[in-house]
Amino acid sequence: MRSPFATLHSTRRWVEQLQFHHEYEAHQMVVEALNQFNLSGDDLDERRLHILTALRHAGSALQEGMVTQYLKNQTAFRYAGKSLWQEIFAFYWQLALAYQSFVKAATRNQPVLAQQLPTITLLALHYQGKLIQWRYLRYETPTSDAWRNVHALYAIAECNGFAERSLKLGNNTEASCVHIYAHILLLNLINPVGLCPWKIELAAYWIQTWCRQLQPSQQLDRQVHTHWLDLAGYAPLCHIGQQPVEGNALRYWSMQGVLTALEITRAQLINPPPSSLDGIKNEADVPGLLDDIRAILNRSGPQRHAPRLEQNTSALVVCGFEHVLQSLSGADAAFPAQFEPWIMQDEGEDGYGLTHYGTPLVIPDHGALISLRTGTKTHPPVLAAVRWIDTQLDHPIKLGAERLGSAPRMVALHGVDHLMSESIFSLTSPPVDCVPIRCIFLPEQDGRRFSSALVVGDMSIAPTQIYDMLDGNYIYRVRITHEQGRSDDWLLLNFNILTRCHIEMSSLEQVNVLNETC
């Protein structure tokens, strides 16, 4: 049977027939067509390059729709999301493989392709970058082979004198090899592993502008340059403080222009330009993401203040906001029923690595709230948020959690009309319709004990609002100042204490207020 991709004419006829198929089925057909193209033993010449271009154009619009669908709905997916990710990744994989093969052919045994070398090198770099970006969504960092491929492609562009030549990349976009290369390096530098998919996509969108300020130099200027890399090596950008050796293959970079471009992006947050991500991103989280990226770049990349501790400590974990509340309620039955044993194999100042070698009762989602204990029942628990989770088949389940605070305790919260209102917690007979909100108070959000926070499940609570907080025998009148973090079912809020008063209340009455009226 003759392949439909033997000639450009037959390929175009096949592409026209795609419109009669469902989008997902059509995308699968394009991926399979690219797979057949790569498996073919035909010589790589201009005719084959035109066929590859036709297949790329046929799949690009479908790929864009698939990516948008994944970013909008991935939180609702559990099993279908993985299949959708694999389908998107396969398209990038096949194109990266195809264009890299053309680059090798053009530089070795196909001089007829030499005129096309700038375009195919740009596309090879672009799709290698897309592969790396989509691996971040599965909590994978680039391998040494991936870095070697990226460095080699850029070195070809630089050696042949077209690294800075602006070429057409898509329908309305132009880029150069140095811009694509800088995009790959900069996205890796902000440490995107563990970010939710739309945040990675938004960061990549911002970096399309920032990367144009990231230019390599062959001469080191210690007053200007902050990073370096070896084009002949297999590692990403390194901080200049790591004493790079001199060599012809070394390139030096400065982050000053990138930080300036970041501040311009920050100024645009007040009235941002329209973007294809407007229907995907959570506007409340955007400033926080930009703050995190700026902090990482200011310290020249992700750095750990203290080494992680390699250990095998047993940790009892409870997942989910409501379950954490129940475990903090003081009920004796809550502890054995809710907590489940995990192994803490990796611990740092800001988070924990946990492993489960069996089948856990609950597999937390990205962003889920967890409470964990590393000692006896009386040992104060720690509150954390799941930032990444790895559930590979036939492998132990692993998760990484960011520490939010220690010694959490359950408190009651109730809205206040104005500053002079009497607190419902001080009333002997509060109104029947008065229903306080159960939430979690974190008295020690950092090691210095200078910061406190609230974790609430009511997503309507917003900054500037005033509440009464019942904590033990004290009523605190507090004003919410700002939102520090959020997930699907919880908010992390900072607050200021306005007033405090002591009330006489027995332990039994406290339990009734927290467990019954809430």
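Which helix does tyrosine 136 lie in? Tyrosine 136 lies in helix α5, which covers residues 117-136. The legends below describe close-up views of a predicted model.

**View 1. Surroundings of tyrosine 136 in helix α5.** Tyrosine 136 has a relative accessible area of 1%. Because buried means under 20% relative accessible area, this residue counts as buried. Leaving aside residues up to four places away in sequence, tyrosine 136 touches Thr141, Pro142, Leu187, Asn188, Pro192, Val193 and Ile200. One of these, leucine 187, is 51 residues apart from tyrosine 136 in sequence, yet their C-alpha atoms are 10.0 Å apart in space. With asparagine 188, the side chain of tyrosine 136 makes a polar contact of 3.1 Å.

**View 2. Helix α9, residues 256-268.** This helix has 13 residues, and at 1.5 Å a residue it should span 18 Å. The C-alpha atoms at its ends are 19 Å apart, which agrees with the expected span. Which residues of α9 are buried? They are Val258, Leu259, Ala261, Leu262 and Thr265. Seen down the axis of α9, the buried residues fall within an arc of 160°, so they line one face of the helix. Gln256 and Ala267, on the other side of α9, are exposed. The buried residues of α9 pack against three helices: α7 (177-189), α8 (197-210) and α10 (286-298).

**View 3. The largest nonpolar core.** This core has 89 residues. Tyr99, Trp134, Tyr181, Leu186, Trp210, Ile293 and Leu297 are those with the most contacts inside it. Helix α4 (residues 80-108) gives the most to the core, with 14 residues. What does isoleucine 293 touch, not counting residues up to four places away in sequence? Its contacts are Ile190, Ala203, Trp206, Trp210 and Leu262. Among these contacts, Leu262 is also one of the buried residues of α9.

**View 4. An open sheet of 3 strands.** The strands come in the order β4-β3-β5, and their pairing is antiparallel. Strands β4 (238-239) and β5 (250-253) are the edge strands, and each pairs on one side only. In general, strands of a sheet pair through backbone hydrogen bonds, either parallel or antiparallel. How many bridges join strand β3 to β5? There are 4 bridges between β3 (residues 227-230) and β5, and the two strands run antiparallel. For aspartate 230, the bridge partner in β5 is leucine 250.

Terms used: Residues are numbered from 1 along each chain as its sequence is written. This is a predicted model: local features need pLDDT of at least 70, side-chain atom pairs count only at pLDDT 80 or more; totals for chains, interfaces and linings use all residues. Side-chain values use heavy atoms; hydrogens and water are left out. Buried means under 20% relative accessible area, exposed over 50%, partly exposed in between (1.4 Å probe, protein chains only). Contact means heavy atoms within 4.5 Å. A polar contact is a pair of N or O atoms within 3.5 Å; within protein, one must be able to donate a hydrogen and the other to accept it, and residues adjacent in sequence count only if both atoms are side-chain atoms. The expected span of a helix is 1.5 Å times one less than its number of residues. The arc is that of the directions from the helix axis to the C-beta atoms. A nonpolar core is a set of buried Ala, Val, Leu, Ile, Met, Phe, Trp, Tyr and Cys residues joined through side-chain atoms within 4.5 Å. Two strands pair if DSSP finds at least two bridges between them.
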